[in-house]
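Hi,

Here is the structure I said I'd pass on. Have a look at it first, then read my notes underneath.

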Amino acid sequence: MMMTGMHTVVDIFCVGCGSIVGWKYEAAQEKAQKYKEGKFILERFKVLGPDGSSYLVSQEGQVSGSDADDA
């Protein structure tokens with residue numbers, strides 16, 4: 001149960017640091033929340049690191065979304 005209703009989510013696990021860095025919406029119970037299915041949430045603090053530096057080796061890392069519709 002989340003603030004916006006009942007959702008089925010899965011954790012996003014980082015193999016580099018060994019922690020959960022966010023989640024992905026698998027299913028939404030309410031019709032008005034169906035747009036979230038397939039989207040993901042990343043916790044900025046865990047992705048960037050506590051000192052604000054990036055965990056990425058290259059600053060030109062590729063960013064890709066989860067929706068084929070956005071391509």
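Below is what I found in it, going from the overall layout down to single side chains.

One thing up front: this is a predicted model, so please read everything here as computed from it.

Starting with the overall layout, the protein has one helix and three strands, and from the N terminus on the order is β-β-β-α. Of its 71 residues, 14% count as buried. The accessible surface comes to about 5,800 Å², and carbon and sulfur atoms make up 57% of that. As for contacts between residues at least 6 apart in sequence, 25% of them join residues at least 24 apart.

Now the strands. β1 covers residues 7–13 and runs antiparallel to β2, with seven bridges joining the two. If you want a spot to orient yourself, find Thr 8, which stands opposite Ala 27 in β2. The hairpin of β1 and β2 has six residues between the strands, and Gly 18 there takes a positive phi near 75 degrees. On to the next pairing: β2 and β3 are also antiparallel, over three bridges. Here Gly 22 has Leu 42 in β3 as its bridge partner.

Which rings make up the aromatic pair, and is it stacked or edge-to-face? There is one such pair in the structure. It consists of Trp 23 and Tyr 25, whose ring centres are 6.5 Å apart; their planes sit at 80 degrees, and planes over 60 degrees apart count as edge-to-face, so that is what this pair is. The two residues differ in cover: Trp 23 is partly exposed because its relative accessibility is 24%, while Tyr 25, at 9%, falls under the 20% cut-off and is therefore buried.

The residue I'd like you to look at is Lys 36. It lies in the loop between β2 (20–28) and β3 (40–42). Lys 36 is buried, yet it has no salt bridge. How far away is the nearest side chain of opposite charge? That is Glu 30, at 8.7 Å, and a salt bridge would need a side-chain nitrogen within 4 Å of a carboxyl oxygen. Leaving out residues up to four places away in sequence, Lys 36 touches Thr 4, His 7 and Tyr 25. So the buried tyrosine of the aromatic pair turns up again here, as one of the contacts of this lysine.

Cheers

Note on methods. Residues are numbered from 1 along each chain as its sequence is written. This is a predicted model: local features need pLDDT of at least 70, side-chain atom pairs count only at pLDDT 80 or more; totals for chains, interfaces and linings use all residues. Side-chain values use heavy atoms; hydrogens and water are left out. Rings of Phe, Tyr and Trp (its six-membered ring) pair if their centres lie within 6.5 Å; planes under 30 degrees apart count as stacked, over 60 as edge-to-face and the rest as tilted. Buried means under 20% relative accessible area, exposed over 50%, partly exposed in between (1.4 Å probe, protein chains only). Helices (H or I, at least four residues) and strands (E, at least two) are DSSP runs, numbered from the N terminus. Lys and Arg count as positive and Asp and Glu as negative; His and the chain ends are not counted. Contact means heavy atoms within 4.5 Å. Two strands pair if DSSP finds at least two bridges between them. Accessible areas come from the Shrake-Rupley method with a 1.4 Å probe; for residues, only the protein chains shown count as cover.
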